[in-house]
Amino acid sequence: MIGNSKFQKSGFTLVEAVIVVFIFSLITLTATNLFTNTLYAHRQGIAMKEINEESQIILERMSKEIRMAEITSPINPTPYIVSSLSIKTNQDQNITYSFVSNIVKINNQQLSSNKIQITNGQFYIVNTNSTQPYITIKFQAKDIRWPKITKTFQTTISPRSGPAY
């Protein structure tokens, strides 16, 4: 009796097993891709945060000292661009800021950290026929580990002048 067998065959066929392995592989690949993309975005966010923090420190220090100082770099009647700026603080201290070889220097000492590169750094000096010119600091910063992440920073400073400062 061929049709009446006491034992019924149970289990999965080869096609069913292949389909299950394929679906499991798809789910695993999707989860791995999602995790990898999330990790990549997180690392980029950390790099952007470091760029912002480092650049903010540089700009704050430069702005504070320039605002309270006298410009000793040559002043032209027309706007001009330089890569270094010399100032004299109200304590009669001479300070020179310069953008050299992807870093910011203050009196030939490195001000920027080794985590970021500073490129296209320039001081725009605009003389308004007043006692002190306006200074615009502009530069691009990028993380060493993530060179595609670049951000441009710019601020304009009006140095204070007079006996009260």
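These legends describe close-up views of a predicted model.

**View 1. The largest nonpolar core.** This core has 28 residues. Met62, Ile66, Ile137 and Phe139 touch the most other members. Several elements each supply at least two residues of the core. One is a helix, α1 (14–67). The others are the strands β1 (69–71), β3 (84–89), β4 (94–100), β5 (103–106), β7 (116–126), β8 (134–143) and β9 (150–157). Helix α1 gives the most, with six residues.

**View 2. Ile137 and its contacts.** Ile137 is among the core residues that touch the most other members. Neighbours within four places in sequence are left aside here. Ile137 is then in contact with Leu59, Met62 and Ile66. Phe99, Gln122 and Phe123 are also in contact with Ile137. Phe153, Gln154, Thr155 and Ile157 complete the list.

**View 3. The two faces of β3.** Strand β3 has a covered face and an uncovered one. Leu85, Ile87 and Thr89 make up the covered face. Ser84, Ser86 and Lys88 make up the uncovered face. Lys88 is partly exposed, at 32% relative accessibility.

**View 4. β3 and its partner strands.** β1 and β3 pair in the antiparallel sense, over three bridges. Ala69 stands opposite Thr89 in β3. β3 and β4 also pair in the antiparallel sense, here over five bridges. In this pairing, Ile87 stands opposite Ile95 in β4.

**View 5. The hairpin of β3 and β4.** Four residues lie between the two strands. Asp92, in this hairpin, takes a positive phi near 60 degrees. The side chain of Asp92 also meets that of Lys88 in a salt bridge (4.0 Å, N to O). Asp92 counts as exposed because its relative accessible area is 58%, and the cut-off for exposed is over 50%. Lys88, at 32%, counts as partly exposed.

**View 6. Ser98 in strand β4.** Ser98 lies in strand β4. Its relative accessible area is 11%. Ser98 is therefore buried, since buried means under 20%. Residues up to four places away in sequence are not counted among its contacts here. Ser98 touches Ser83 and Ser84. Ser98 also touches Ile103, Val104 and Lys105.

**View 7. Glu53 and Lys49 on helix α1.** The side chains of Glu53 and Lys49 meet in a salt bridge (3.5 Å, N to O). Both residues lie in helix α1. They are four residues apart, about one turn of the helix. Glu53 is partly exposed, with a relative accessible area of 41%. Lys49 is partly exposed too, at 48%.

**View 8. Arg61 and Glu65 on helix α1.** Arg61 forms a salt bridge with Glu65. Their closest N and O atoms are 3.6 Å apart. The two residues are four apart in helix α1, so about one helical turn separates them. Arg61 counts as partly exposed, at 37% relative accessibility.

**View 9. A network of salt bridges.** Glu50, Asp143 and Arg145 are linked in a network of salt bridges. A search of the whole structure finds five salt bridges.

Conventions
Residues are numbered from 1 along each chain as its sequence is written. This is a predicted model: local features need pLDDT of at least 70, side-chain atom pairs count only at pLDDT 80 or more; totals for chains, interfaces and linings use all residues. Side-chain values use heavy atoms; hydrogens and water are left out. A nonpolar core is a set of buried Ala, Val, Leu, Ile, Met, Phe, Trp, Tyr and Cys residues joined through side-chain atoms within 4.5 Å. Buried means under 20% relative accessible area, exposed over 50%, partly exposed in between (1.4 Å probe, protein chains only). Contact means heavy atoms within 4.5 Å. Two strands pair if DSSP finds at least two bridges between them.
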